[in-house]
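Open your viewer, have the selection panel ready, and follow along stop by stop. Each stop names something to select and then says what is there.

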Amino acid sequence: MILNKIIVPNGSALIGSSIPSESPQISIEVPAFEITINQITNHEFNLFMQDDGYSKSQYWSKEGWDWIKEQKIIEPAFWDNSRYNQPNQPVTGVSFYESEAFSRWVGGRLPTETEWEKAASGTQGSKYPWGDDTPTLEIANYSPGFVPVEISAVNVDQYPSNKSPFGCQQMAGNLFEWCADFFHADTPTKRHKSFIAESRPSRRRVLKGGAWTTDISRLRCAARWSYTPNLRDNIIGLRVAFDI
């Protein structure tokens, strides 16, 4: 399957912010990688299902494989709900495990938090993908004051001005996106110039980007969120990274 993706070149990028839970902001050397321009769509995830991706253990971590077998999971949550299952909407209701398996199926992986943040904010640590201007409903799908407007994710090609310096679309709002890292609240204080990813095990994985249910505080590129890897909520999707 051919996915639309862009190259994020090798080089330093400002990661983090001055907000206590995200500080300090430091310059990190991030090796070159590729990342999908859009969140993975229902159409694209359906190809994984048609190839019996839920039945092929080689795409799954041992933990993920044991979990889907125990829970008898064969498709994303909300897969049969017309509010969320249109072909060009981003797939949602996918756990970390399912997102990881799809990424392996296409020959990629989930992005690390630093990769995701560089792809979203560029090298200079912009507050939002489009720059530092405050979000509006003309730019992103989110919930002012946590009051939803759309009541679902929109198509991945909507909001064309919600574009990062490298050309990624909708990295603020619409759906949270899983990252490969384990989540720790003190990760920002542990980062250094050559930091790659948070590898200290924990029960939670990193989520980035905000969603259609969140206010602007979650849309900032440096904002951090997390949940256990078995969460299959209608506010979470994925984007795939590739090694170069």
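**Warm-up in a loop**

Start by selecting Phe78, which counts as partly exposed because its relative accessibility is 29%. Keep in mind throughout that this is a predicted model. Phe78 sits in the loop between H2 and H3. Check its backbone too: phi is positive, about 70 degrees, although Phe78 is not a glycine.

Now pick Lys72, which also lies in the loop between H2 and H3. Is Lys72 buried or exposed? With a relative accessible area of 70%, Lys72 is exposed. Its phi is near 60 degrees, again a positive value in a residue other than glycine.

**Into the core**

Next, select Phe45, Phe48, Tyr54, Trp60, Phe102 and Leu238 and show their side chains. These are the residues with the most contacts inside the largest nonpolar core, which has 35 residues. Colour helix H1 (42-50), helix H2 (62-71), helix H3 (96-105) and strand E5 (176-182), since each of them supplies at least two residues of this core. Which element gives the most? That is H3, with 5 residues.

There is also a second, separate core of 21 residues; Ile28, Cys168, Met171 and Cys221 are among them.

Back in the largest core, centre on Leu238. Leaving aside neighbours within four places in sequence, Leu238 is in contact with Gln39, Ile40, Val91, Val94, Ser99, Phe102, Ser103, Leu110 and Glu177. The last name on that list is worth its own stop.

**A charged residue under cover**

Select Glu177, in strand E5. Why does Glu177 count as buried? Its relative accessibility is 1%, and the cut-off for buried is under 20%.

Turn on polar contacts and look for two partners. The side chain of Glu177 makes a polar contact of 2.8 Å with the side chain of Trp116. Another polar contact, also listed at 2.8 Å, joins the side chains of Glu177 and Arg239. Widen the selection to the residues in contact with Glu177, beyond four places in sequence, and you will find Gln39, Gln170, Met171, Val206, Leu207, Lys208, Gly237 and Leu238 among them.

**Helix H3 and its surroundings**

Now select H3 as a whole. How many of its residues are buried? The helix is mostly covered, with 9 of its 10 residues buried. The buried ones are Phe96, Tyr97, Glu98, Ser99, Glu100, Ala101, Phe102, Ser103 and Trp105. They pack against H1, H2, E5, strand E6 (205-208) and strand E8 (236-237).

Zoom in on the two ends. At the start of H3, a side-chain oxygen of Ser95 comes to within 3.3 Å of the backbone nitrogen of Tyr97. After the helix comes Gly107, with a positive phi near 85 degrees.

Then add H1 to the view. The axes of H1 and H3 are 11 Å apart and the two helices pack at an angle of about 80 degrees, so H1 and H3 are roughly perpendicular to each other. At the meeting point, Glu44, Phe45, Leu47 and Phe48 come from H1, while Glu98, Ala101, Phe102 and Trp105 come from H3. Coloured by class, this contact shows 6 nonpolar, no polar and 2 charged residues.

**Helix H4**

Move on to helix H4 (residues 113-121), where 9 of its 9 residues are buried. Among the buried residues is Trp116, the partner of Glu177 in one of the polar contacts from the earlier stop. Gly122 follows H4 and has a positive phi, near 80 degrees.

**Two last stops**

Select Ile35 in strand E4 (residues 33-36). Ile35 has a relative accessible area of 0%, so it is buried. Show what Ile35 touches, not counting residues up to four places away in sequence: Asn4, Lys5, Ile6, Val8, Pro111, Ala119, Cys168, Arg239, Val240 and Ala241.

Finish at Pro24, in the loop between strand E2 (11-15) and strand E3 (26-30). What kind of peptide bond joins Ser23 and Pro24? It is a cis bond, with omega about 5 degrees.

Methods: Residues numbered from 1 in each chain as written. Heavy atoms only, no water. Core = buried A, V, L, I, M, F, W, Y, C linked by side-chain atoms within 4.5 Å. Buried < 20%, exposed > 50% of the residue type's maximum accessible area, 1.4 Å probe, protein only. Helix = DSSP H or I, 4+ residues; strand = E, 2+ residues; numbered from the N terminus. Contact = heavy atoms within 4.5 Å. Polar contact = N/O pair within 3.5 Å; in protein donor to acceptor, adjacent residues only side chain to side chain. Axes fitted to C-alpha atoms, helices over the stretch in contact; angles between N-to-C directions. Parallel < 35°, antiparallel > 145°, perpendicular 65-115°, else oblique. Nonpolar A, V, L, I, M, F, W, Y, C, P; charged D, E, K, R; others polar.
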